[in-house]
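Trainee: I would like to go through how some helix pairs are labelled here. Please set each label against its criterion.

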Amino acid sequence: MDWLVDVLDFIGKEILNVPAYLIGLITAVGLIALKRSSGQIIGGGLKAAIGFLILGAGANVVIASLAPLGDIILDVTGAQGVIPTNEVITAIAAEEYGSRSAYVLVLGFLVMLALARFTPLRYIFLTGHHMVFMSLMLTVVLSVGLNGDSSWVVVIVGALLLGVIMVVMPAFAQPWMRKITGDDTLAIGHFGTLGYIAAGAAGQAVGKRSRSTEEIDFPQGLRFLRDSTVATALSMVLIYEFFVIWGLIASPDATRETLGSADAGAAVMAGLAQALQFGVGVAIILYGVRTVLGELVPAFQGIAEKVVPGAKPALDIPIVFPFGANAVLIGFLSSFAGGLLALGLLAVWLEPAFGLALILPGMVPHFFTGGGAGVFGNATGGRIGAVVGGFVNGVLITLLPALLLEVFGELGFQNSTFGDADFGWFGTLLGVSMLASDVIGIVLCILIGVALVAAASVFQVKVVNTGWVPGAARDEYLLQEAEAAKVAAAKEQPPVKE
């Protein structure tokens with residue numbers, strides 16, 4: 001029977017322990033369950049595996065481009081500088097935690113289906129890349145908390161928590177989604193939800209008399225920022241060159257040595273090249289993610305439709321962009337401004353006082369979550385709501401990642417982290433719980449999951465199902481204003497001659 005042991009050992013170490021192969025097999029199993037043809041099963045599995053390998057290749061490019069920037073920031077400020085980008089930190093962390101997180105992903109999806117089937121939270125989270133991001137973050141936090149031990153505990157608890165967060169957050173955001181879309185057919189499935197809810201609440205508080213952003217004729221010259229690849233490259237060029245020039249002033253010899261440049265001009269151009277390499281790496285990673293999800297998500301979606309018929313699909317944040325194109329751009333710019341303010345707060349107070357890392361504004365999270373926050377803020381507070389909502393989101397996605405890094409252990413020194421609000425608050429809450437003994441920490445994490453399901457279920461029954469829609473006072477004011485304008489216009493009309 002030694003041969004059988006050898007075969008099982010080979011399968012475990014060389015196949016099931018390699019993330020790319022495991023993702024490919026999971027995709028193939030999902031396609032088999034959907035009764036796809038043999039060609040579709042083989043092709044889908046191979047494409048998913050190749051996509052994961054592409055993701056890793058992009059990560060290597062990004063890591064190489066970030067290393068000099070991290071050294072320069074540390075040299076001139078004495079603080080660690082981190083750029084929050086989900087795709088980047090996922091690709092970096094997947095090398096060590098990828099296989100374990102793949103099991104969390106699959107089991108977590110099954111937990112989500114069970115919760116959607118047997119609780120009031122009838123939402124199916126279908127944003128595949130955020131499933132991957134959250135499963136990996138949970139795996140990292142739990143593994144670090146358990147010092148790398150008890151793999152099966154990490155998988156089981158991580159899967160439970162993943163299933164919970166995928167049904168809970170769409171429920172909490174549903175009243176604002178109903179307000180944006182005008183009906184109850186869609187939910188939001190994106191882990192920037194805390195920022196969107198905060199934006200909607202802020203808009204409701206400050207924009208009771210503000211008109212919609214969609215009544216603004218926005219300049220065409222700024223619309224290029226809607227291309228995330230261009231926006232990412234531009235932001236990295238600005239960030240890189242800022243610190244390179246600072247380094248050339250404060251510590252010229254060390255800066256030139258870091259960039260391998262003979263003089264200041266060469267150092268500036270080397271910084272430009274590294275910044276553009278970052279954009280190249282992110283583009284590669286995004287392509288890899290799309291390749292994986294192009295096969296994995298349809299397999300998951302088909303299974304979900306059979307298990308929980310009639311549930312609301314929870315979709316990616318761009319689903320709301322058509323409901324406020326101008327709000328997207330306003331929210332993005334406001335979020336970036338909020339990120340800069342929070343960065344200043346970190347640099348002046350929080351880093352010296354508490355040792356938190358400097359979270360540099362990342363265009364990818366600010367564009368997508370800031371744009372979404374702008375739409376949520378506009379729905380309840382018009383133009384003022386879009387500005388304030390985006391700003392609040394920018395502050396959240398700067399401060400929360402700084403806290404999250406504190407529970408990441410050695411992974412926190414890779415110059416990147418998860419960028420969206422839900423990763424920050426959920427990961428930090430779980431990480432703090434894991435500071436207790438292993439048993440108590442795991443129990444606390446499970447209790448957090450139970451509490452979230454209970455709270456979301458009550459919110460679903462008492463708030464969502466009763467039809468509450470935020471921003472009703474503003475709607476009433478705008479309606480009265482419109483009626484008054486009609487009456488005034490009618491009075492100004494000359495009398496009709498008979």
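Trainee: Is the crossing of α5 and α6 right-handed or left-handed?

Mentor: The model is a predicted one. In it, α5 and α6 cross in a right-handed sense.

Trainee: Why are α5 and α6 called oblique to each other?

Mentor: Helix α5 covers residues 128-145 and helix α6 residues 151-181, and they pack at about 135° with axes 9 Å apart. Roughly antiparallel needs an angle over 145 degrees, and roughly perpendicular runs from 65 to 115. The angle of about 135° falls in neither range, so the pair counts as oblique.

Trainee: What makes the contact between α5 and α6?

Mentor: On α5, the residues include Met-131, Met-134, Leu-138 and Leu-142. On α6, Val-154, Val-157, Leu-161 and Ile-165 are among them. By class, this contact has 10 nonpolar, 4 polar and no charged residues.

Trainee: Why are α6 and α14 called roughly parallel?

Mentor: The axes of α6 and helix α14, residues 438-464, cross at roughly 25° and come within 9 Å. Angles under 35 degrees count as roughly parallel, and therefore α6 and α14 are given that label.

Trainee: Which hand does the crossing of α6 and α14 have?

Mentor: That crossing is left-handed. Its contact includes Val-164, Val-168, Phe-172 and Arg-178 of α6, with Leu-452, Ala-456, Phe-459 and Val-463 among the residues of α14.

Trainee: How many nonpolar, polar and charged residues does the contact of α6 with α14 have?

Mentor: The contact of α6 with α14 has 17 nonpolar, 3 polar and 1 charged residues. Arg-178 of α6 is part of that contact, and Arg counts as charged.

Key:
Residues numbered from 1 in each chain as written. Predicted model: local features only at pLDDT ≥ 70, side-chain atom pairs only at ≥ 80, totals over all residues. Heavy atoms only, no water. Axes fitted to C-alpha atoms, helices over the stretch in contact; angles between N-to-C directions. Helix = DSSP H or I, 4+ residues; strand = E, 2+ residues; numbered from the N terminus. Left-handed = near helix turned anticlockwise from the far one by under 90°. Contact = heavy atoms within 4.5 Å.
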